[in-house]
Amino acid sequence: MSMAPLELVCPAGTPAALRDAVDAGADVVYVGFRDETNARNFPGLNFSRPELRDGIGYAQQRGREVFVAINTYANAGSQAAWHSAIDDAAALKADAVIIADIGLLDYAAQRHPNLRLHLSVQAAASHADAIRFYHEAFGVRRVVLPRVLTVAEIAQLTRQIPVETEVFAFGGMCPMAEGRCSLSSYVTGQSPNRQGVCSPASHVRYEQRGQVLVSSLGGSTINVFDKTEKAGYPTLCKGRFSVGSYADYLFEEPTSLSTGEILRDLQAAGVKALKIEGRQRGRAYVAEVVRQFRALVDGLARDETPSSAVAALRQLAEGQQDTSGAYRKGWR
Amino acid sequence: MIPVQTPLRRFLLLPGNRHLAETLLSSLAALLVRRHGAMLERLADFAGATCLVVPQDLPTAFLITLQAPPLAPRLQLVDPARMDSAGVKAPRAIIHADIVTLFALLEGRIDGDALFFSRDLVVEGDMAVVVALRNAVDDAGIDLIADATSVLGPFAIPAERIGRSAASLATRLHRRFGTQFGLGGSHAA
């Protein structure tokens, strides 16, 4: 029996990126409004309401879908921006909203009973009891799984829950504490959970000192790259720390998650959809990653894994290094 | 190595021509804003911010001053080595790359992050300004040749065709002679 094809859920930070993602073969494009209601609240990024209306139109006319990420946690006593985001996503006929905050899930379920709800990875729901609760209480129909599970654990989980599963397939890595990581706020006062931004650009500085490039965040040096090294964005989790004369990455190296070689395993585990990270990336990157994943997903139906696509994705990875992360837990 | 001085580079080295180049660039900026107005909305929070764009293979740099919408960004040609003596304030951000890369970035044909990771693109200063600029131009869908020739009315289509052939030739020459050339053009993303 042939398995259902994996759905390709692709990022877009701008209308141009949305159109490029659709044209490159995305089944779904996920986006956010231009404010703190989503976890990629970067300068000059994201969608105004008219842009989202046009973007949804562009995708739906071509038989594709648009999900709206409203996946930060609302500020106590001032939830208006989050409520408005949910109301507007529903009014603009978004195909689903991706939410983490339990109060916002309740709001969406009460006010918009026909709006499809997906549980954001920021909710960090990683076991059957938690996921069942979100389904029973709010009618959540899909869960984006945290990047902590092996393929075998995902297979077991999908058999136990009444909702679809979506897993991260490619892009930047986090230190596996989704929705709970406050490293950024220790240094900048802002975090992805509340303000929608990890290591905000306004707190980032790069300085060329002779032959080395120094990156800093909130005035603290995060990394020093010599002339031959690839540079990286200064998030604390990817900082290089010194002990005596020894300097190394403490939490994780600058590397990208890539599942190009394990898609068949994920499909066999019952996964419904693959999520590509990177709403903050430019449209040239988005189009190329989507094109390669389209080739990989289409290849599954023919029992093929195009090696050229796997190699191309490696070139697109941060530092041109990739990992299958927790899916294989090779460090065990 | 062949000593190449391109017409553009030679042109810019003559002080009398800088004013003309500056006027042409400001007209181009105004044209781009007319054709891609949404770009300004993405930059609205940065009115007054300055960004110095330094083409490493040209003898001059572009100082961009963002303004409140609907005003187009102001463009000045400056000598990056003599900004202090010319009374130009330190910019909030600086971007360095070769001119072909900068054109490709302006047109959204190339992955700016990858260029940055590989050190082909160097950024300094306030990253919020750099990120906002990148996102604004990335979304705009700028096509320099089509945009510039659009003002020619019935001659726009043949002019665009000639422009693309010239850009293709310039790119081939740039690849052959490397950074000694100061001509930009199409850059395969």
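**Contacts, sheets and helices in a predicted two-chain model**

Biologist: In this predicted model, how many residues of chain A are in contact with chain B, and how many of chain B with chain A?

Modeller: The model is predicted, and the totals for interfaces use all residues. Counted in that way, the contact between the chains involves 24 residues of chain A and 29 residues of chain B.

Biologist: Which element gives the most to the side of chain A that touches chain B?

Modeller: The elements giving two or more residues to this side are helix H1 (15-24), strand E8 (204-209) and helix H9 (283-301) of chain A. By class, the residues of the side divide into 11 nonpolar, eight polar and five charged. With four residues, the element that gives the most is E8(A).

Biologist: How are H1(A) and H2(A) oriented to each other?

Modeller: Two packed helices are described by the angle between their axes and the distance between the axes. Here the axes of H1(A) and helix H2 (residues 49-61) of chain A come within 10 Å and cross at roughly 10°. Since angles under 35 degrees count as roughly parallel, H1(A) and H2(A) are therefore roughly parallel to each other.

Biologist: Which residues of H2(A) make the contact with H1(A)?

Modeller: The contact has five nonpolar, one polar and three charged residues. From H1(A) come A:Pro15, A:Leu18, A:Arg19 and A:Val22, and the residues from H2(A) are A:Glu51, A:Asp54, A:Gly55, A:Tyr58 and A:Ala59.

Biologist: Which strands stand at the edges of the sheet E8-E9-E10 in chain A?

Modeller: This is an open sheet of three strands with antiparallel pairing, and its twist averages 25° from one strand to the next. Strand E9 (residues 212-217) of chain A pairs with E10(A) over five bridges, and A:Ser216 stands opposite A:Thr221 in E10(A). A strand at the edge has a single partner strand, so one side of it is left without a neighbour in the sheet, and the strands in that position are E8 and E10 (220-225) of chain A.

Biologist: In chain B, what is the bridge partner of B:Leu52 in E2(B)?

Modeller: The setting is an open sheet of five strands in chain B, with mixed pairing and the order E3-E2-E1-E4-E5, whose edge strands are E3 (74-78) and E5 (122-125) of chain B. Neighbouring strands of this sheet are turned by 20° against each other on average, direction ignored. Within the sheet, strand E1 (residues 50-55) and strand E2 (residues 61-65) of chain B pair in the antiparallel sense over four bridges. The bridge partner of B:Leu52 in E2(B) is B:Leu63.

Biologist: How far apart are the end C-alpha atoms of H6(B)?

Modeller: Helix H6 (residues 127-140) of chain B is mostly covered, with 14 of its 14 residues buried, and just after H6(B) the residue B:Gly141 takes a positive phi of about 70°. At 1.5 Å a residue, the 14 residues of H6(B) should span 20 Å, and this agrees with the distance between its end C-alpha atoms, 20 Å.

Biologist: Is A:Ala69 buried or exposed?

Modeller: A:Ala69 lies in strand E3 (residues 65-70) of chain A, and, leaving aside its neighbours within four places in sequence, its contacts include A:Tyr30, A:Val31, A:Ile98 and A:Ser120. Of these, A:Ser120 is 51 residues apart from A:Ala69 in sequence and 7.9 Å apart in space, C-alpha to C-alpha. A residue counts as buried if 20 or more other C-beta atoms lie within 10 Å of its own. Because 29 other C-beta atoms lie within 10 Å, A:Ala69 is buried.

How values were computed. Residues are numbered from 1 along each chain as its sequence is written. Chains are lettered from A and ligands numbered from 1 in the order in which they are written. This is a predicted model: local features need pLDDT of at least 70, side-chain atom pairs count only at pLDDT 80 or more; totals for chains, interfaces and linings use all residues. Two residues are in contact if their C-beta atoms, placed from the backbone, lie within 7 Å. Ala, Val, Leu, Ile, Met, Phe, Trp, Tyr, Cys and Pro count as nonpolar, Asp, Glu, Lys and Arg as charged, and the others, Gly among them, as polar. Axes are lines fitted to C-alpha atoms, for helices over the stretch in contact, and angles run from 0 to 180 degrees between N-to-C directions. Angles under 35 degrees count as roughly parallel, over 145 as roughly antiparallel, 65 to 115 as roughly perpendicular and the rest as oblique. Two strands pair if DSSP finds at least two bridges between them. The expected span of a helix is 1.5 Å times one less than its number of residues. A residue is buried if 20 or more other C-beta atoms lie within 10 Å of its own, exposed if 12 or fewer, and partly exposed in between; C-beta atoms are placed from the backbone.
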